[in-house]
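Q: I'd like a close look at one helix in this model, and then at a single strand residue for contrast. Could you walk me through it?

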Amino acid sequence: MVRSKKGATALMEGKRMAKTLRDMAYQYERGQYSFSHFLGLAERSDMYRELQEWETLPWEFFGGMEDCERVVLRIGSEDSLGYDMPYPIALVIIAPKNAKFADELGHRDFLGSILSLGLERDSIGDIFVEDNIGYVFCLDTVAAYLVENLERVRHTAVNCKILDEVPALKSTEPEEKTVQAASYRIDLVLAKVYNLSRGNASELFPEKKIFVDGRLCEDPGRELKPGELVSVRGFGRFRIREELGLSRKGKHNLAVEVTPR
């Protein structure tokens, strides 16, 4: 049997997640917390699958604040180990030195400049951009290096600082919209949220672009439940907040919270 390149890559990634979890479990068995690097959506989905084989492990994902896409896995809990340990995550603010003459900066600009310093992608979490300022979650082991060495984003000179607290960011607040769907099928709701045809929405599933609460979803017929977070690569995230009732034609009026990419 000939395995596709994508299939072989997925298999290798699954094995890597399995090894990472074994190493973390061994550290936990020695009475210590263990933490992963930042996991993307696909890696987190693989890790969810591996965690099913370790029913006794206390675990949790966190990315710096609620609903981050890139997260760190922590093995261990205060109940099981008798003490608490925070996630090794820092928040760095990157701001233009002179806002008046700054380039218009976006997510890719901040990420590209950070990676050009030689940092690995798995040391960097979510990046939020607001008023041309970047807020970057990263592993605390690279935060000082980032602050000391990042001098420019594109052609814009910047100042960097590690923040003690996570500020309230407007860019992370979802917008609410009302959509009308014949059912709670994920492909139908997704199509309405992003103004896609049902066919175009369905094409995203075999392309492995849909994740529900961090788990890969390949079934366009899956029924969504209110509160579940749907991440759509290239589009953003949404969740059904509540049903507002039925239309005259029997369709569901749904209040949906949408966070753009």
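Which residues of H2 are buried?

A: Quick caveat: this is a predicted model, where local features need pLDDT of at least 70, side-chain atom pairs count only at pLDDT 80 or more, and totals for chains, interfaces and linings use all residues. Numbering runs from 1 along each chain as its sequence is written, and side-chain values use heavy atoms, with hydrogens and water left out.

On to the helix (a DSSP run of H or I, at least four residues, numbered from the N terminus). H2 covers residues 41-51 and is mostly covered, with nine of its eleven residues buried (under 20% relative accessible area, 1.4 Å probe, protein chains only). The nonpolar-looking names you'd probably expect are there: Leu-41, Met-47, Tyr-48 and Leu-51 are among the buried ones. But the buried set of H2 also includes Glu-43, Arg-44, Asp-46 and Glu-50, and Ser-45 joins them.

Now for the contrast. Lys-161 sits in strand E8, residues 156-163 (a strand being a DSSP run of E, at least two residues). Lys-161 has a relative accessibility of 53%, so it counts as exposed (the cut-off is over 50%). Exposed or not, Lys-161 does have partners: setting aside neighbours within four places in sequence, Lys-161 is in contact with Leu-91, Val-92, Ile-93 and Val-147 (heavy atoms within 4.5 Å). As for Tyr-135, that residue is 26 residues from Lys-161 along the chain, and their C-alpha atoms are 9.9 Å apart.
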